[in-house]
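User: I'd like a close look at one part of this model, and then a walk outwards from there to the rest. Could you take me through it in one go?

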2 protein chains.
Amino acid sequence: MTGIPASERAIDPRRIDEMIEALSHHGAWGETGVSRLVYSNEWSVAQEQVAAWMAAAGLDVETDAVGNVWGWRRGTEGGKAVVTGSHIDSQKPGGRFDGALGVVAALAAVEALGQRFGAPRRTLGVVSLCEEEASRFARTNFWGSRAVTGAIAPHEADRMRAIDGPTMAEVMHDVGLDPALIPTAKRDDIGAFIELHIEQGPLLEAAGLPVGIVEKITGYRQYWLEVRGEANHAGTTPMDLRKDPMAGAAEIISGVIDTAHRMGRPAVTTVGRMTVEPNGRAVVPERVGFTVDARHPEAAALETLLARHESRWHEVASRRGLELTVRVDSDRPPCPSDPGLVEALAGAAAEAAVPHMRMTSGAVHDAMQFAAICPVAMLFVRSKAGISHSPAEFTSLEDSVAGAEVLARALHRIAY
Amino acid sequence: MTGIPASERAIDPRRIDEMIEALSHHGAWGETGVSRLVYSNEWSVAQEQVAAWMAAAGLDVETDAVGNVWGWRRGTEGGKAVVTGSHIDSQKPGGRFDGALGVVAALAAVEALGQRFGAPRRTLGVVSLCEEEASRFARTNFWGSRAVTGAIAPHEADRMRAIDGPTMAEVMHDVGLDPALIPTAKRDDIGAFIELHIEQGPLLEAAGLPVGIVEKITGYRQYWLEVRGEANHAGTTPMDLRKDPMAGAAEIISGVIDTAHRMGRPAVTTVGRMTVEPNGRAVVPERVGFTVDARHPEAAALETLLARHESRWHEVASRRGLELTVRVDSDRPPCPSDPGLVEALAGAAAEAAVPHMRMTSGAVHDAMQFAAICPVAMLFVRSKAGISHSPAEFTSLEDSVAGAEVLARALHRIAY
């Protein structure tokens, strides 16, 4: 079937602009930010808005057991669907583009393809996933995409507690969802998943490019370390008699950060969260706990990075006579994109003359979950100064439209 | 006047035991701990108990404008008084000896001297100070002794807010005290102050001695440092593009702790409190704040320690491109004990055959405040394992009695 001429544009910039603007009012935070936590009132209203846009575009709308909203354009050939989308929940507060741009671009692309070409060969789906950010339930990210892949454990909704108090099961009931039905959200009708997302990093800006095609999502491991020593009076305990977990933690933190530095790009290691007990000015702490988040897109290099970290902290704790406990909270190998989908995206970008590069994603995304059930790929759009998870997050309309244009043309190549 | 024969004992151990036991019930925490915050109900009842003991011992009882309780045994010669005592407020929770043992020993000593020798030449005073720990008002320690020395600023009671909400002025009103009268608590009738206190450190235990005579209280400076960088996504920002305040803070913390180690005893430096923003697992922090508490009893060595710390953190912040702000919260030069009082204590210990050593105090105490208006000295009693500010704090009755015995004999030498 004839495609979209290189001289034309499939995407109308006004559609992208008006949908991003409309979503930004649900949970607006200050001038530019958004705070839209999963299953909140503002989140529910935003999901209803997405469903209304899907219906207006002529898609068959479906809401599943966890509140993911799906819009289907049925294909003439049947078979598994080609799905695109992202999430609309946000950080607390975050920006208006993280997740939302992927939903808006998916809607604009599938809408434009339908207007121009009618029914596709393969069924096309747009999805607005319910939760990705772990901003309301600290250890529950990917709730929406894990429901789709059947990766939610029995009774997980009862165990998980929101930062504002109630369990996941309770807040689901509050928005009319039944946690007992979560297993019904699992799907086996998806043949490919493509996610457009803002980069949330500085590499496209540094390269002067609006769009990146993600060949691989990074692998990572997230740890919680607790270093225990002996609480003592800050004035009366000589340095040589102390077992100071703060001294041990500082040495471990310097060590892991330096290790990632020395390994060079794209290795990254971050210590973002720390708690100290008793946290008193004049008391040598008894306990210092902190996170270590280490990432590398190459499996072997990731193993090397993790092995260096682990030997470092065991050596420091042992030498200093400190008690160390290590908990692994998340652990995922690198997730390669499907080569066929990558080539479709690259062909589409070349056809539309959108300057781009191939890259790896240092952030984790819903696409990583979908990889358990189907081929996946991602498209990144340039972030201003690499800033995300902040009201200062910004992606230009021009770049957003360039990304949606590549997405639309790739979907055309795959599904029409 | 004839003293106490070396073969006898001025102090009855049962008095020490029953008073420590009785006080421990006011604000009891678990089996062995105490939580008795200034101006709480349990604190008020405990101060009333102390006042009742003073009256029963034949002392003239007086409560001043901040709630310090004084008991006076008038001297035949008039002139300025010799005062002994400590505080009965506690950490939250703390142990039953910190402060309280100094009040109990003072009471037992002055009571025993009165029973044996009647009226002294110089007036003897026992004081139970209202506040030392800063456990209810984070930046208000020495409230009682600062009132005595006239060191409370106008309107300080209105500015200071308790961890449980109200201002110092409000909680004073609640226990029947008028903050407007604080200036009336200032005294000019004190000629010497001797404070008995648990060591709160491990040195006497290590030396196998029950008692220490404090020749000097350490000098110290307490800082609040804030290191600011740039918050960034933990996965998408290459290490070489980060301005990570956690990396800077870890290097500063390792540096200051190592500096105190290398300088050797008695230099001590502690980082006991830290806050991180936004404190997220997958976010390079924007801001890391932490305390630095550095102490040394020799003025010149303290200056050297502080200069090394300050040059270290400015160098780290500058090299890493981080913004550093430094606030000094407390700053006190070393406080030497009065040589005459030290000799009286040493003579008393020798006379009573109580094994002892001379030492410096690494902790700060009310005596440091009294030094502004009169000669001071301190007597330390051995702490089990050096533990304090904890329900695990323990000092044996035998050691407590040995300390009180030395105190009684020293008071006899000075005041009779």
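Analyst: **Helix α3 of chain A and its surroundings**

Of the 18 residues of α3(A), 14 are buried, and the helix is mostly covered. Buried here means that 20 or more other C-beta atoms, placed from the backbone, lie within 10 Å of a residue's own; 12 or fewer makes a residue exposed, and anything in between partly exposed. Please keep in mind that this is a predicted model, in which local features need pLDDT of at least 70 and side-chain atom pairs count only at pLDDT 80 or more, while totals for chains, interfaces and linings use all residues. Residues are numbered from 1 along each chain as its sequence is written, and chains are lettered from A and ligands numbered from 1 in the order in which they are written.

The helix covers residues 100-117, and its first and last C-alpha atoms are 25 Å apart, close to the expected 26 Å. That expectation is 1.5 Å times one less than the number of residues. Helices are DSSP runs of H or I with at least four residues, strands are runs of E with at least two, and both are numbered from the N terminus. Right after α3(A) comes Gly118(A), with a positive phi near 75 degrees.

On the other side of the helix, the loop between β5 (81-87) and α3 of chain A holds Pro93(A). The peptide bond that leads into this proline from Lys92(A) is cis, with omega near 0 degrees. Further along the chain, Ala134(A) sits in the loop between β6 (124-129) and α4 (143-148). Its phi is positive, near 60 degrees, although Ala134(A) is not a glycine. Ala134(A) has 20 C-beta neighbours inside 10 Å, so it counts as buried.

Now for the wider setting. Chain A has 12 helices and 18 strands, and 59% of its 416 residues count as buried. A domain assignment, automatic or from a database, gives chain A domain 1 (13-217 + 334-415) and domain 2 (219-332). The C-alpha centres of these two domains of chain A are 34 Å apart. Counting two residues as in contact if their C-beta atoms, placed from the backbone, lie within 7 Å, 7 residues of domain 1 touch 11 residues of domain 2 in chain A.

Finally, the partner chain. The contact between the chains takes 53 residues from each of chain A and chain B. On the side of chain A, α8(A) gives the most, with 9 residues. By class, that side has 24 nonpolar, 21 polar and 8 charged residues. Nonpolar covers Ala, Val, Leu, Ile, Met, Phe, Trp, Tyr, Cys and Pro, charged covers Asp, Glu, Lys and Arg, and the others, Gly among them, are polar.

A turn of 180 degrees with a shift of 0.1 Å along the axis lays chain A on chain B with an RMSD of 0.1 Å, after a least-squares fit on C-alpha atoms of residues with pLDDT of at least 70 in both copies. This is the relation of a two-fold axis. In chain A, Ala250(A) has the C-alpha nearest that axis, 2.2 Å away. The helix we began with has its counterpart in chain B: 14 of the 18 residues of α3(B) are buried, so the rest of the structure largely encloses it.
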